[in-house]
Amino acid sequence: MTDTIFGKIIRREIPANIVYEDDEVLGFKDIAPQAPVHVLFIPKNDVIPTLDDLQPSQAHLVGKLALAAAEYARREGFAQNGYRIVMNCREDAGQTVFHIHLHLLAGAPLGHFGAA
Ligand code: 5GP
């Protein structure tokens, strides 16, 4: 199992505010939220440091992360208002934890990503 901070969260060695769990995905609130809703979704059973390390045989996991985020958004009642999902890959994107994760951001107008 991975030795990142997220591995410790998966193994319940450090606390996290877990809001979603299924056989393959764990979702928990970001410790430093960048929006009113900021949840991280991670694969539980696979050690994949970055999106660039994802193998074709693991492609379904990214879909599972997205489906988990969408289910959480529906369950929490903000799916209709909208949300953003983000995956940071390596240095230029500011990735700090090398266990792939999908950020779910919501709860307020987020601004148009990519606007000048
Ligand atoms: P990255 O920058 O790698 O895409 O995102 C990593 C995220 O993990 C950051 O938003 C950061 O706030 C969050 N994070 C780092 N350490 C912890 C932790 O121990 N617990 C939780 N819940 N989030 C963490």
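This short report looks at how a ligand is held in a predicted model and then turns to one residue, Gln95.

## Where the ligand sits

Start with the ligand, which is found in the largest pocket. Around the ligand there are 16 residues, and the closest of them are Asp30, Asn88, Thr96, His101 and His103.

If you sort the residues of this shell by character, you get 8 nonpolar, 6 polar and 2 charged. Helix H1 (5–10) and strand S2 (25–29) each contribute at least two residues to the shell. The largest share, 3 residues, is supplied by H1.

## Backbone contacts with the ligand

Let's look at some backbone atoms next. Two residues meet a nitrogen atom of the ligand through a backbone N or O atom: for Lys29 the distance is 2.9 Å, and for Ile31 it is 3.3 Å. With Thr96, a backbone N or O atom lies 2.7 Å from an oxygen atom of the ligand. As for cover, the ligand taken alone exposes 520 Å², and the protein buries 83% of that.

## A look at Gln95

Now follow the chain to Gln95, which belongs to the loop between helix H3 (90–93) and strand S5 (102–106). Is Gln95 buried or exposed? Gln95 counts as buried because its relative accessibility is 8%, and the cut-off for buried is under 20%.

The side chain of Gln95 has two backbone partners to look for. One is the backbone oxygen of Pro49, reached at 2.9 Å. Another is the backbone nitrogen of Arg90, which lies 2.7 Å from a polar atom of the Gln95 side chain.

Notes:
Residues numbered from 1 in each chain as written. Predicted model: local features only at pLDDT ≥ 70, side-chain atom pairs only at ≥ 80, totals over all residues. Heavy atoms only, no water. Near = heavy atom within 4 Å. Polar contact = N/O pair within 3.5 Å; in protein donor to acceptor, adjacent residues only side chain to side chain. Areas by Shrake-Rupley, 256 points an atom, 1.4 Å probe, with all protein chains shown as cover. 1 Å grid on protein atoms, 1.4 Å probe; cavity = no way out; pocket = protein on both sides within 12 Å on 5 of 7 lines; lining within 4 Å. Sits in = over half its atoms within 2 Å of the grid points. Helix = DSSP H or I, 4+ residues; strand = E, 2+ residues; numbered from the N terminus. Nonpolar A, V, L, I, M, F, W, Y, C, P; charged D, E, K, R; others polar. Buried < 20%, exposed > 50% of the residue type's maximum accessible area, 1.4 Å probe, protein only.
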